[in-house]
Amino acid sequence: MRKIVTLITAIAMAFTAMGESVGLVLSGGGAKGIAHIGVIQALEDNDIPIDYITGTSMGAIIGGLYASGYSPHEMLELIKSDGFADWSTGTISSSLTYYFDQKEPTPAMFHINIESADSSATKAGILPSSLINPLPMNFAFMELFSPYTAQCAGDFNNLYVPFRCVAADVFHKRRMVMKSGSLGAAIRASMSFPIVYKPQYINGFPIFDGGIYENFPVNVMNEEFSPDFIIGVDVNAGEDEIGVDNLIKQVQSMIVQDNGADIPADKGVRINVVLKEFNILDFDKADSIYRRGYDKAISMIDSIKGRTSKRTGKATRAFTRQLFKSKTPQVIFDSISVDGGTERQNSYLLSLFEQNKKPTLDIGGAQTAYYRAISSGKLNDLVPEATYDPHLQMFDLHLRADMKDPFSIGVGGWLSSSTNSMIFLSANYNTFSYNSFDASLDGWIGQSYYAGMLQAKIALDTSTPSSIGIEGVMSKQKFYENDALFYENEQPTFIINYEKYIRLKYMLAVGRKSRLQISLGYGHLKDKFYQSNVIDFANTQQDEANYKLGIIKAEFDNNTLNHPLYPTSGNRFRISAAGIYGNSSYRQNSNQNSALQISADENNGWVEGEIVWDKYFNILRRFSLGVKANAVASTRPLGANYTAFLVQSPAFTPTPSTQNYFNIAFRSNSYAAAGLLPIWTINNNLQFRPEFYVFAPFREILETEAHQPQYGKWFRSLDYMAEASVVYTFPFATLSVYANYLSYPKRNWNFGINFGILLYAPKLLR
């Protein structure tokens with residue numbers, strides 16, 4: 001059987017070798033390079049062979065994939081996959097992160113790392129080394145290309161199609177032709193466009209995008225392979241506008257060079273694909289760009305066929321490609337090593353990978369360990385390198401780590417057209433080790449919200465990841481019924497909530513995406529409010545309610561949402577149960593009707609449970625349907641005052657714009673609420689987000705003439721709210737324009753614009 005396969009292979013190779021040799025040259029151009037796939041598909045559909053490939057930047061990626069045996073269909077599916085979208089944009093997928101190790105999200109938009117060895121030095125997160133986070137791409141390139149590096153033994157002539165790519169050594173001001181070594185590292189260097197992607201370091205020098213010196217590598221094709229016929233594909237044709245409003249286009253126009261390279265008419269053809277309306281990061285428009293390349297190649301195919309006699313049929317090509325793939329080794333790691341951090345940091349990082357080694361480590365286990373390591377946010381970079389051992393037929397995995405400095409400062413906040421603007425500042429200390437220690441001092445300063453939080457936790461060196469921690473919070477928040485300060489004939493109009501507490505926490509990982517937290521806390525809560533707005537505010541004091549409460553709480557949380565404010569994929573399920581006991585007091589300070597003045601002081605306890613469920617279904621590529629459900633059940637006594645009771649009742653505020661409203665129709669100690677969110681993701685950053693919600697208290701809380709609470713009938717009240725927003729997501733913040741309508745009070749329309757991240761400090765009870 002083996003002799004038959006060898007004979008068939010020899011016949012196929014001999015047939016393929018007949019006729020002129022054909023070289024394919026692929027230019028750089030970012031996402032516009034997807035047109036290269038369309039051109040290759042057109043060539044294959046017409047049996048035009050490809051004997052050699054040279055490429056720069058995106059041309060290097062497409063050329064490297066084709067040289068590794070990928071078909072055009074496989075390349076296009078890879079480009080359109082969620083995985084490619086994540087690593088090409090620097091997005092760490094929530095489905096891959098390790099939830100237990102993730103930091104709690106904060107309103108910080110930027111971080112400044114402070115060099116611990118020299119307090120005067122800083123590493124500013126405001127100006128990162130690249131716009132695109134390199135961490136997802138690091139692992140993806142190792143996973144994609146290390147098998148083919150092993151298969152060709154580091155010689156790119158031994159790939160399915162002999163291959164070269166071009167990179168730029170800016171230190172020595174020279175072009176680099178990558179023909180051997182790590183295929184992934186060579187391609188990654190070739191497409192490291194300045195500002196956008198972090199450079200690759202080869203022999204200690206930073207290596208950038210090959211387009212700096214040769215974006216259309218015709219010269220490399222002639223020098224390296226000297227084929228009989230050259231087909232060149234340029235996806236930058238017609239780029240005569242710099243684009244003063246586009247930073248990336250400006251940089252591209254300054255650094256990208258063709259070096260005057262062209263294809264003589266007697267040597268081949270140049271396929272110019274005009275893609276002026278596309279940008280270099282428009283990967284979400286892959287189908288349109290692919291089709292443009294295919295159609296352009298088809299329009300020139302008769303000319304190409306008339307000048308080449310060599311043909312490779314579909315069956316022959318499929319056979320040789322499958323034969324090549326059959327020899328590609330599976331990525332299995334036999335040994336693991338780490339450097340870049342301290343001895344203890346390296347040891348801890350190594351242990352994360354060793355946990356999945358039984359006795360070898362497959363690519364899935366390596367991916368799990370890699371994303372657990374970066375989930376903590378404590379590494380600037382983590383570069384995996386796979387080296388093949390042909391004797392063992394397995395790989396050695398080496399990891400180069402670049403740790404963040406432990407001290408950092410965070411800056412962020414929320415700018416809003418409502419009364420809810422604030423700034424956020426934080427000072428942080430984070431270590432990376434077996435007993436990692438994390439501490440932060442956070443502050444919120446705003447129009448209607450002020451808070452300070454001190455928290456710390458230490459990881460326990462246990463077989464199942466766990467930690468113990470403490471947090472203390474002091475906060476003050478003013479509430480309004482809507483975006484306006486007062487409504488004329490509705491109550492209550494003005495609420496101030498004060499809170500201070502301390503809490504001890506124990507947290508335990510439950511699988512990769514869940515965690516269990518048990519906490520014990522004690523705090524003092526104070527609310528000040530008016531019972532009515534038909535009063536003389538200047539001469540009337542607010543009524544006051546005080547609570548001194550202890551709480552024990554258990555909470556299970558599973559979370560794969562891809563954004564804390566405006567998710568479009570993933571799910572979250574959180575369930576909690578709490579026991580609360582303490583003293584509450586109410587004092588009426590207003591003097592409107594002395595006969596109704598009351599003061600109450602009582603001890604009581606109750607239990608409370610809550611369920612939160614969010615799920616996003618991907619219906620179409622650009623359309624998802626979100627489902628939200630929230631239910632709270634509580635045995636809390638009604639107390640002496642209606643407003644005092646409602647102020648401390650759980651509120652249903654499903655959108656950022658509603659979180660500063662005090663709306664009595666959407667508060668109750670026990671309720672059920674649900675919502676639907678049909679979301680149109682216009683592109684990777686822009687979404688149109690309609691949201692529709694209903695709210696039903698188990699029993700409506702009614703107010704007596706003496707301002708006391710009493711229960712109404714079961715499930716007799718139903719309120720609703722709707723909101724539509726257009727949201728643009730930046731790497732560091734969100735910009736949203738919204739309009740919403742609430743069923744209470746009447747004609748309750750609200751409009752506004754927000755920018756930043758809106759997250760409050762935790763509360764004692766929920």
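E277 and R292 form a salt bridge whose closest N and O atoms are 2.5 Å apart, the term salt bridge standing for a side-chain nitrogen of Lys or Arg within 4 Å of a carboxyl oxygen of Asp or Glu. This pair links distant parts of the chain, since E277 sits in the loop between β10 (268-274) and α10 (286-299) while R292, 15 residues apart from E277, belongs to helix α10. Helices (H or I, at least four residues) and strands (E, at least two) are DSSP runs numbered from the N terminus.

The model is predicted, so that local features need pLDDT of at least 70 and side-chain atom pairs count only at pLDDT 80 or more, whereas totals for chains, interfaces and linings use all residues. Residues are numbered from 1 along each chain as its sequence is written, and side-chain values use heavy atoms, with hydrogens and water left out.

**Salt bridges**

The structure holds 32 salt bridges, among them the three listed here.

| Pair | Closest N and O atoms |
|---|---|
| E277 and R292 | 2.5 Å |
| R174 and D169 | 3.4 Å |
| K285 and D282 | 3.7 Å |

Side chains of opposite charge can pair when their charged atoms come close. For accessibility, buried means under 20% relative accessible area, exposed over 50%, and partly exposed in between, computed with a 1.4 Å probe on protein chains only. On this scale E277 is partly exposed at 47%, and R292 is likewise partly exposed at 32%. R174 is partly exposed because its relative accessible area is 40%, whereas its partner D169 counts as buried at 2%. K285 counts as partly exposed at 35%, while D282, with a relative accessible area of 11%, is buried. Elsewhere, salt bridges that share partners join K553, E555, R574 and E610 into one network.

**A four-stranded sheet**

An open sheet of four strands runs in the order β12-β11-β14-β13 and has mixed pairing, where two strands pair if DSSP finds at least two bridges between them. Its edge strands, each pairing on one side only, are β12 (361-362) and β13 (379-389). Strands β11 (residues 332-339) and β14 (residues 394-403) pair in the parallel sense over six bridges, and V338 has L399 in β14 as its bridge partner. Helix α6 (residues 135-151) packs on the sheet, touching β11, β13 and β14, and its direction makes about 10° with that of β13. Helix α13 (residues 343-354) also packs on the sheet, touching β11, β12, β13 and β14, with a direction at about 165° to that of β11. Contact here means heavy atoms within 4.5 Å, and the axes behind these angles are lines fitted to C-alpha atoms, for helices over the stretch in contact, with angles running from 0 to 180 degrees between N-to-C directions.

**The surroundings of N754**

N754 lies in strand β32 (residues 748-756) and is buried, its relative accessible area being 2%. The side chain of N754 makes a polar contact with the side chain of S416 at 2.7 Å; a polar contact is a pair of N or O atoms within 3.5 Å, where within protein one must be able to donate a hydrogen and the other to accept it, and residues adjacent in sequence count only if both atoms are side-chain atoms. Leaving aside neighbours within four places in sequence, N754 is in contact with residues including W414, L415, S416, S657 and Y738.

**Cysteines**

A search of the whole structure finds zero disulfides, a disulfide being a pair of cysteine sulfur atoms within 2.5 Å. C152 is buried at a relative accessible area of 1%, and C165 is buried at 0%.
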